[in-house]
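Work through the exercises below with the structure open beside you. Try each task before reading its solution.

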Amino acid sequence: MLQLSSPILTNECLHGAYHRLTIDLGDLAKAARPGQFVQVQIPQLEGHILRRPFSICDVNGTVMTLVYKTVGAGTEALAQASPGTPLNILGPLGHGFAELPSDRPCCLLGGGYGCAAMLFCAHWTVARGNPAPLVLLGARSQADILLEEEFRRIGCQVGISTDDGSYGMPGRITALLETELKRHPDAWLAACGPKPMLKAVSFMAEQFSVTHCQVSLDEIMCCGVGACFGCVIKCKTPDTPQGWSYRRSCADGPVFESTEVCWE
Ligand SMILES: Cc1cc2nc3c(=O)[nH]c(=O)nc-3n(C[C@H](O)[C@H](O)[C@H](O)COP(=O)(O)OP(=O)(O)OC[C@H]3O[C@@H](n4cnc5c(N)ncnc54)[C@H](O)[C@@H]3O)c2cc1C
Ligand code: FES
(Lines give C-alpha, C1' and ligand atoms only; values in the text may rest on other atoms or scores of the structure.)
(Ligands and ions follow the chains in the order given, each with its own letter.)
Protein backbone atom coordinates (compact mmCIF):
# COMPACT_ATOMS: atom_id res chain seq x y z
CA MET A 1 0.00 0.00 0.00
CA LEU A 2 1.31 3.42 -0.99
CA GLN A 3 0.12 6.96 -0.42
CA LEU A 4 1.02 9.62 -2.91
CA SER A 5 -0.05 12.89 -4.41
CA SER A 6 -0.10 13.34 -8.15
CA PRO A 7 -1.75 15.86 -10.49
CA ILE A 8 -4.97 14.81 -12.20
CA LEU A 9 -4.28 14.20 -15.91
CA THR A 10 -7.88 14.27 -17.14
CA ASN A 11 -11.27 14.52 -15.42
CA GLU A 12 -14.11 14.44 -17.90
CA CYS A 13 -17.84 13.90 -17.83
CA LEU A 14 -18.76 10.69 -19.70
CA HIS A 15 -22.46 11.47 -19.66
CA GLY A 16 -24.98 12.58 -17.05
CA ALA A 17 -23.59 11.97 -13.55
CA TYR A 18 -20.73 9.72 -14.71
CA HIS A 19 -17.13 10.87 -14.89
CA ARG A 20 -13.75 9.43 -15.84
CA LEU A 21 -10.53 10.53 -14.17
CA THR A 22 -6.97 9.57 -15.10
CA ILE A 23 -3.87 10.05 -12.98
CA ASP A 24 -0.25 8.92 -13.16
CA LEU A 25 0.39 6.95 -9.98
CA GLY A 26 3.76 5.34 -10.76
CA ASP A 27 4.43 2.27 -8.58
CA LEU A 28 0.99 2.47 -6.97
CA ALA A 29 -0.63 1.89 -10.37
CA LYS A 30 1.81 -0.88 -11.24
CA ALA A 31 0.95 -2.73 -8.01
CA ALA A 32 -2.82 -2.63 -8.69
CA ARG A 33 -4.76 -5.82 -9.36
CA PRO A 34 -8.35 -6.21 -10.68
CA GLY A 35 -10.95 -5.81 -7.94
CA GLN A 36 -8.75 -3.61 -5.74
CA PHE A 37 -9.68 -0.04 -4.92
CA VAL A 38 -8.09 3.25 -3.93
CA GLN A 39 -9.02 5.77 -1.23
CA VAL A 40 -9.13 9.28 -2.68
CA GLN A 41 -8.75 12.44 -0.61
CA ILE A 42 -11.20 14.87 -2.12
CA PRO A 43 -9.55 18.19 -3.08
CA GLN A 44 -10.99 21.24 -1.26
CA LEU A 45 -12.71 18.98 1.29
CA GLU A 46 -9.66 17.41 2.94
CA GLY A 47 -10.61 18.59 6.43
CA HIS A 48 -14.33 17.87 6.12
CA ILE A 49 -14.89 14.40 4.79
CA LEU A 50 -13.20 11.06 4.85
CA ARG A 51 -11.40 9.70 1.86
CA ARG A 52 -13.74 8.14 -0.71
CA PRO A 53 -13.22 4.61 -2.11
CA PHE A 54 -13.25 3.93 -5.86
CA SER A 55 -12.59 0.73 -7.77
CA ILE A 56 -9.59 0.74 -10.05
CA CYS A 57 -11.19 0.84 -13.49
CA ASP A 58 -8.04 0.35 -15.53
CA VAL A 59 -4.29 0.73 -15.54
CA ASN A 60 -2.18 1.52 -18.59
CA GLY A 61 1.51 1.62 -17.68
CA THR A 62 1.51 3.90 -14.65
CA VAL A 63 -1.73 5.71 -15.50
CA MET A 64 -4.77 4.68 -13.48
CA THR A 65 -8.36 5.32 -14.57
CA LEU A 66 -11.28 5.76 -12.18
CA VAL A 67 -14.90 6.01 -13.27
CA TYR A 68 -17.29 7.55 -10.78
CA LYS A 69 -20.85 8.72 -10.38
CA THR A 70 -21.63 11.98 -8.62
CA VAL A 71 -23.91 11.10 -5.70
CA GLY A 72 -22.96 13.52 -2.91
CA ALA A 73 -20.57 16.19 -1.62
CA GLY A 74 -17.37 14.20 -2.19
CA THR A 75 -18.00 13.05 -5.75
CA GLU A 76 -19.51 16.46 -6.68
CA ALA A 77 -16.30 18.15 -5.49
CA LEU A 78 -14.15 15.58 -7.31
CA ALA A 79 -16.01 16.32 -10.54
CA GLN A 80 -15.06 20.00 -10.16
CA ALA A 81 -11.31 19.26 -9.87
CA SER A 82 -9.40 20.44 -12.95
CA PRO A 83 -6.51 18.63 -14.62
CA GLY A 84 -3.33 19.57 -12.76
CA THR A 85 -5.02 19.53 -9.34
CA PRO A 86 -3.00 17.31 -6.99
CA LEU A 87 -4.95 14.28 -5.79
CA ASN A 88 -3.84 12.35 -2.73
CA ILE A 89 -4.42 8.62 -3.21
CA LEU A 90 -3.98 5.64 -0.90
CA GLY A 91 -3.79 2.19 -2.46
CA PRO A 92 -4.01 -0.26 -3.96
CA LEU A 93 -6.31 -1.60 -1.22
CA GLY A 94 -8.20 -4.80 -0.51
CA HIS A 95 -8.23 -8.24 -2.03
CA GLY A 96 -9.21 -8.39 -5.69
CA PHE A 97 -10.55 -11.05 -8.03
CA ALA A 98 -8.79 -14.35 -8.62
CA GLU A 99 -7.14 -14.61 -12.04
CA LEU A 100 -9.66 -15.78 -14.62
CA PRO A 101 -8.86 -19.27 -15.95
CA SER A 102 -8.02 -19.75 -19.64
CA ASP A 103 -9.57 -23.21 -19.94
CA ARG A 104 -13.23 -22.50 -19.24
CA PRO A 105 -15.80 -19.83 -20.17
CA CYS A 106 -15.68 -16.73 -17.97
CA CYS A 107 -18.46 -14.25 -17.48
CA LEU A 108 -18.05 -10.84 -15.86
CA LEU A 109 -21.13 -9.00 -14.58
CA GLY A 110 -21.21 -5.25 -13.90
CA GLY A 111 -24.15 -3.39 -12.42
CA GLY A 112 -24.12 0.43 -12.80
CA TYR A 113 -20.70 1.82 -11.86
CA GLY A 114 -19.74 -1.74 -10.84
CA CYS A 115 -18.64 -2.20 -14.45
CA ALA A 116 -15.57 -0.07 -13.60
CA ALA A 117 -13.99 -2.90 -11.61
CA MET A 118 -14.92 -5.41 -14.31
CA LEU A 119 -13.15 -3.47 -17.09
CA PHE A 120 -9.80 -3.82 -15.28
CA CYS A 121 -10.53 -7.52 -14.79
CA ALA A 122 -11.27 -8.03 -18.51
CA HIS A 123 -8.30 -5.94 -19.65
CA TRP A 124 -5.94 -7.76 -17.28
CA THR A 125 -7.10 -11.13 -18.64
CA VAL A 126 -6.81 -10.18 -22.31
CA ALA A 127 -3.40 -8.54 -21.77
CA ARG A 128 -2.12 -11.92 -20.51
CA GLY A 129 -3.15 -13.64 -23.72
CA ASN A 130 -6.26 -15.31 -22.28
CA PRO A 131 -9.59 -15.36 -24.15
CA ALA A 132 -11.72 -12.25 -23.69
CA PRO A 133 -14.48 -12.98 -21.16
CA LEU A 134 -18.17 -12.52 -21.85
CA VAL A 135 -19.36 -9.27 -20.20
CA LEU A 136 -22.90 -8.65 -18.99
CA LEU A 137 -23.82 -5.08 -18.08
CA GLY A 138 -27.02 -4.24 -16.25
CA ALA A 139 -28.49 -0.93 -15.12
CA ARG A 140 -31.75 0.87 -14.45
CA SER A 141 -31.68 2.71 -17.75
CA GLN A 142 -29.55 3.34 -20.86
CA ALA A 143 -28.01 6.40 -19.18
CA ASP A 144 -26.50 4.12 -16.52
CA ILE A 145 -24.80 1.74 -18.97
CA LEU A 146 -21.09 2.51 -18.97
CA LEU A 147 -17.91 1.46 -20.77
CA GLU A 148 -19.64 -0.74 -23.37
CA GLU A 149 -17.26 0.41 -26.12
CA GLU A 150 -14.19 -0.08 -23.90
CA PHE A 151 -15.17 -3.72 -23.29
CA ARG A 152 -15.82 -4.32 -27.00
CA ARG A 153 -12.49 -2.69 -27.94
CA ILE A 154 -10.56 -5.33 -26.01
CA GLY A 155 -12.54 -8.09 -27.72
CA CYS A 156 -15.28 -8.87 -25.19
CA GLN A 157 -18.73 -9.91 -26.27
CA VAL A 158 -21.14 -7.65 -24.36
CA GLY A 159 -24.71 -8.41 -23.27
CA ILE A 160 -26.84 -5.57 -21.90
CA SER A 161 -30.02 -5.37 -19.88
CA THR A 162 -31.89 -2.38 -18.50
CA ASP A 163 -34.71 -2.42 -15.96
CA ASP A 164 -36.78 0.05 -18.00
CA GLY A 165 -36.02 -1.58 -21.37
CA SER A 166 -34.47 1.60 -22.78
CA TYR A 167 -31.39 -0.32 -24.02
CA GLY A 168 -30.51 -3.96 -24.51
CA MET A 169 -32.77 -6.65 -23.12
CA PRO A 170 -35.57 -5.36 -20.87
CA GLY A 171 -35.26 -6.77 -17.36
CA ARG A 172 -32.59 -7.89 -14.96
CA ILE A 173 -29.01 -8.93 -15.65
CA THR A 174 -29.78 -12.33 -14.11
CA ALA A 175 -31.98 -13.17 -17.13
CA LEU A 176 -28.88 -12.78 -19.34
CA LEU A 177 -26.88 -14.80 -16.85
CA GLU A 178 -29.44 -17.60 -16.87
CA THR A 179 -29.13 -17.90 -20.67
CA GLU A 180 -25.34 -18.04 -20.35
CA LEU A 181 -25.41 -20.64 -17.57
CA LYS A 182 -27.78 -22.85 -19.56
CA ARG A 183 -25.15 -22.86 -22.31
CA HIS A 184 -22.11 -23.02 -20.02
CA PRO A 185 -22.96 -24.36 -16.56
CA ASP A 186 -19.21 -24.57 -15.87
CA ALA A 187 -18.76 -20.79 -16.36
CA TRP A 188 -16.49 -18.90 -13.98
CA LEU A 189 -18.32 -15.83 -12.63
CA ALA A 190 -17.11 -12.50 -11.25
CA ALA A 191 -19.45 -9.62 -10.44
CA CYS A 192 -19.51 -6.07 -9.07
CA GLY A 193 -22.61 -3.96 -8.53
CA PRO A 194 -25.35 -3.13 -6.04
CA LYS A 195 -25.92 -5.68 -3.27
CA PRO A 196 -29.37 -6.87 -4.49
CA MET A 197 -27.82 -7.66 -7.87
CA LEU A 198 -24.93 -9.55 -6.27
CA LYS A 199 -27.36 -11.47 -4.10
CA ALA A 200 -29.41 -12.47 -7.16
CA VAL A 201 -26.26 -13.49 -9.06
CA SER A 202 -25.12 -15.52 -6.08
CA PHE A 203 -28.48 -17.34 -5.80
CA MET A 204 -28.45 -18.13 -9.50
CA ALA A 205 -24.88 -19.42 -9.27
CA GLU A 206 -26.02 -21.72 -6.47
CA GLN A 207 -29.05 -22.86 -8.46
CA PHE A 208 -26.78 -23.85 -11.39
CA SER A 209 -24.16 -25.38 -9.07
CA VAL A 210 -21.56 -22.94 -10.39
CA THR A 211 -18.27 -23.81 -8.74
CA HIS A 212 -16.66 -20.40 -8.87
CA CYS A 213 -18.48 -17.09 -8.32
CA GLN A 214 -16.78 -14.05 -6.79
CA VAL A 215 -18.56 -10.83 -5.88
CA SER A 216 -17.15 -7.39 -5.08
CA LEU A 217 -19.14 -5.58 -2.38
CA ASP A 218 -19.26 -1.78 -2.27
CA GLU A 219 -19.98 -1.39 1.45
CA ILE A 220 -19.82 2.13 2.86
CA MET A 221 -16.29 2.56 4.19
CA CYS A 222 -14.47 4.86 6.61
CA CYS A 223 -10.74 4.11 6.97
CA GLY A 224 -10.54 1.64 4.07
CA VAL A 225 -7.54 -0.12 5.60
CA GLY A 226 -9.05 -2.51 8.16
CA ALA A 227 -8.73 -0.36 11.28
CA CYS A 228 -12.24 0.92 12.13
CA PHE A 229 -14.57 -2.06 11.45
CA GLY A 230 -17.01 0.38 9.83
CA CYS A 231 -17.46 -1.79 6.75
CA VAL A 232 -18.13 -5.26 8.18
CA ILE A 233 -20.37 -7.83 6.54
CA LYS A 234 -21.58 -11.17 7.88
CA CYS A 235 -19.77 -14.18 6.43
CA LYS A 236 -20.50 -17.86 6.97
CA THR A 237 -18.06 -19.30 9.50
CA PRO A 238 -19.02 -22.90 10.35
CA ASP A 239 -16.51 -23.18 13.22
CA THR A 240 -18.21 -20.44 15.31
CA PRO A 241 -21.22 -21.13 17.62
CA GLN A 242 -23.49 -18.81 15.61
CA GLY A 243 -22.18 -20.03 12.23
CA TRP A 244 -21.08 -16.63 11.02
CA SER A 245 -18.58 -13.87 11.79
CA TYR A 246 -18.00 -10.30 10.74
CA ARG A 247 -15.42 -9.64 8.07
CA ARG A 248 -14.12 -6.25 6.95
CA SER A 249 -15.06 -5.59 3.37
CA CYS A 250 -12.09 -3.21 2.91
CA ALA A 251 -9.33 -5.49 4.16
CA ASP A 252 -10.81 -9.02 3.85
CA GLY A 253 -12.62 -8.05 0.61
CA PRO A 254 -14.05 -6.20 -1.21
CA VAL A 255 -14.06 -9.42 -3.26
CA PHE A 256 -15.58 -12.47 -1.55
CA GLU A 257 -16.65 -15.90 -2.70
CA SER A 258 -20.42 -15.62 -3.23
CA THR A 259 -20.95 -18.73 -1.08
CA GLU A 260 -19.25 -17.23 1.99
CA VAL A 261 -21.48 -14.12 2.20
CA CYS A 262 -24.57 -14.25 4.47
CA TRP A 263 -27.10 -12.66 2.11
CA GLU A 264 -29.88 -11.07 4.15
C1 LIG B 1 -14.74 -0.74 -2.67
C2 LIG B 1 -15.59 0.36 -3.26
C3 LIG B 1 -15.48 0.67 -4.60
C4 LIG B 1 -16.24 1.70 -5.16
N5 LIG B 1 -16.08 1.98 -6.48
C6 LIG B 1 -16.77 2.98 -7.02
C7 LIG B 1 -16.57 3.31 -8.41
O8 LIG B 1 -15.76 2.70 -9.11
N9 LIG B 1 -17.32 4.33 -8.92
C10 LIG B 1 -18.23 5.02 -8.15
O11 LIG B 1 -18.89 5.93 -8.66
N12 LIG B 1 -18.42 4.73 -6.85
C13 LIG B 1 -17.71 3.74 -6.27
N14 LIG B 1 -17.91 3.44 -4.94
C15 LIG B 1 -18.89 4.22 -4.17
C16 LIG B 1 -18.29 5.55 -3.79
O17 LIG B 1 -17.25 5.32 -2.85
C18 LIG B 1 -19.36 6.44 -3.16
O19 LIG B 1 -20.35 6.74 -4.13
C20 LIG B 1 -18.75 7.73 -2.66
O21 LIG B 1 -17.94 7.44 -1.53
C22 LIG B 1 -19.83 8.72 -2.28
O23 LIG B 1 -19.20 9.87 -1.73
P24 LIG B 1 -19.97 11.26 -1.70
O25 LIG B 1 -19.26 12.11 -0.70
O26 LIG B 1 -20.12 11.82 -3.06
O27 LIG B 1 -21.41 10.88 -1.23
P28 LIG B 1 -21.98 10.83 0.26
O29 LIG B 1 -22.48 12.20 0.57
O30 LIG B 1 -21.01 10.18 1.18
O31 LIG B 1 -23.17 9.85 0.03
C32 LIG B 1 -24.18 10.12 -0.96
C33 LIG B 1 -25.01 8.89 -1.19
O34 LIG B 1 -24.17 7.82 -1.71
C35 LIG B 1 -24.30 6.69 -0.87
N36 LIG B 1 -23.01 6.00 -0.75
C37 LIG B 1 -21.92 6.42 -0.08
N38 LIG B 1 -20.95 5.49 -0.14
C39 LIG B 1 -21.45 4.46 -0.84
C40 LIG B 1 -20.98 3.18 -1.21
N41 LIG B 1 -19.79 2.73 -0.83
N42 LIG B 1 -21.77 2.39 -1.97
C43 LIG B 1 -22.99 2.79 -2.32
N44 LIG B 1 -23.53 3.97 -1.98
C45 LIG B 1 -22.76 4.79 -1.24
C46 LIG B 1 -24.73 7.21 0.48
O47 LIG B 1 -25.44 6.24 1.20
C48 LIG B 1 -25.65 8.34 0.09
O49 LIG B 1 -26.94 7.90 -0.24
C50 LIG B 1 -17.17 2.42 -4.36
C51 LIG B 1 -17.29 2.09 -3.01
C52 LIG B 1 -16.52 1.08 -2.46
C53 LIG B 1 -16.65 0.75 -1.01
S1 FES C 1 -13.49 0.85 6.46
FE2 FES C 1 -12.38 0.77 8.33
S3 FES C 1 -12.22 -1.37 8.66
FE4 FES C 1 -13.10 -1.24 6.68
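**Exercise 1. How many residues of domain 1 are in contact with residues of domain 2, and how many of domain 2 take part?**

Solution. Note that this is a predicted model.
- Start with the bounds. Domain 1 covers 2–93, and domain 2 covers 106–218.
- Count the contacts. On the side of domain 1 there are 15 residues, and on the side of domain 2 there are 14.
- Place the centres. The C-alpha centres of the two domains are 24 Å apart.

**Exercise 2. What area is buried between domain 1 and domain 2, and which three residues of domain 1 supply more than any other three?**

Solution.
- Recall the usual yardstick. An interface is often sized by the accessible area lost when its parts come together.
- Read the value. Here about 1,400 Å² is buried between domain 1 and domain 2. Carbon and sulfur atoms give 66% of that area.
- Find the main contributors. Tyr18, Pro34 and Cys57 supply 35% of what domain 1 buries against domain 2, more than any other three residues.

**Exercise 3. How many salt bridges cross the interface of domain 1 and domain 2? Which network of salt bridges includes Glu150?**

Solution.
- Recall the principle. Side chains of opposite charge can pair when their charged atoms come close.
- Apply the rule across the interface. It finds one salt bridge between domain 1 and domain 2.
- Look at Arg20 and Glu150. Their side chains meet in a salt bridge, 2.8 Å from N to O.
- Check the domain bounds. Arg20 falls within 2–93, domain 1, and Glu150 within 106–218, domain 2.
- Widen the view. Glu12, Arg20 and Glu150 form a linked network of salt bridges.

**Exercise 4. Helix α5 holds Lys182. Which residue forms a salt bridge with Lys182, and which with Glu180?**

Solution.
- Locate the helix. Helix α5 spans residues 173–183.
- Take Lys182. Its salt bridge partner is Glu178, with the closest N and O atoms 3.6 Å apart. The two are four residues apart in the helix, so about one helical turn separates them.
- Take Glu180. Its partner is Arg183, at 3.5 Å between the closest N and O atoms. These two are three residues apart, again about one helical turn.
- Compare accessibility. Lys182 is exposed because its relative accessible area is 59%, over the 50% cut-off. Glu178, at 28%, is partly exposed. Glu180 is buried at 5%, whereas Arg183 is exposed at 57%.
- Look beyond the helix. Lys182 and Phe208 are 26 residues apart in sequence, yet their C-alpha atoms are 8.3 Å apart.

**Exercise 5. In what order do the strands of the seven-stranded sheet lie, and why does β11 have one side without a neighbour?**

Solution.
- Read the order. The open sheet runs β11-β10-β9-β8-β12-β13-β16, with mixed pairing.
- Find the edges. β11 (169–170) and β16 (255–257) each have a single partner strand, so one side of each has no neighbour in the sheet.
- Examine one pair. β9 (residues 134–139) and β10 (residues 158–162) run parallel over five bridges. Ala139 stands opposite Thr162 in β10.
- Add the helices. Helix α3 (residues 115–127) packs on the sheet and touches β8, β9 and β12. The direction of helix α3 makes about 155 degrees with that of β8. Helix α6 (residues 195–207) lies across β8, β12 and β13, at about 165 degrees to β12.

Methods:
Residues are numbered from 1 along each chain as its sequence is written. Chains are lettered from A and ligands numbered from 1 in the order in which they are written. This is a predicted model: local features need pLDDT of at least 70, side-chain atom pairs count only at pLDDT 80 or more; totals for chains, interfaces and linings use all residues. Side-chain values use heavy atoms; hydrogens and water are left out. Two strands pair if DSSP finds at least two bridges between them. Contact means heavy atoms within 4.5 Å. Axes are lines fitted to C-alpha atoms, for helices over the stretch in contact, and angles run from 0 to 180 degrees between N-to-C directions. A salt bridge is a side-chain nitrogen of Lys or Arg within 4 Å of a carboxyl oxygen of Asp or Glu. Buried means under 20% relative accessible area, exposed over 50%, partly exposed in between (1.4 Å probe, protein chains only). Domain bounds come from an automatic or database domain assignment. Buried area is the accessible area (1.4 Å probe) that two parts lose on being put together, summed over both.
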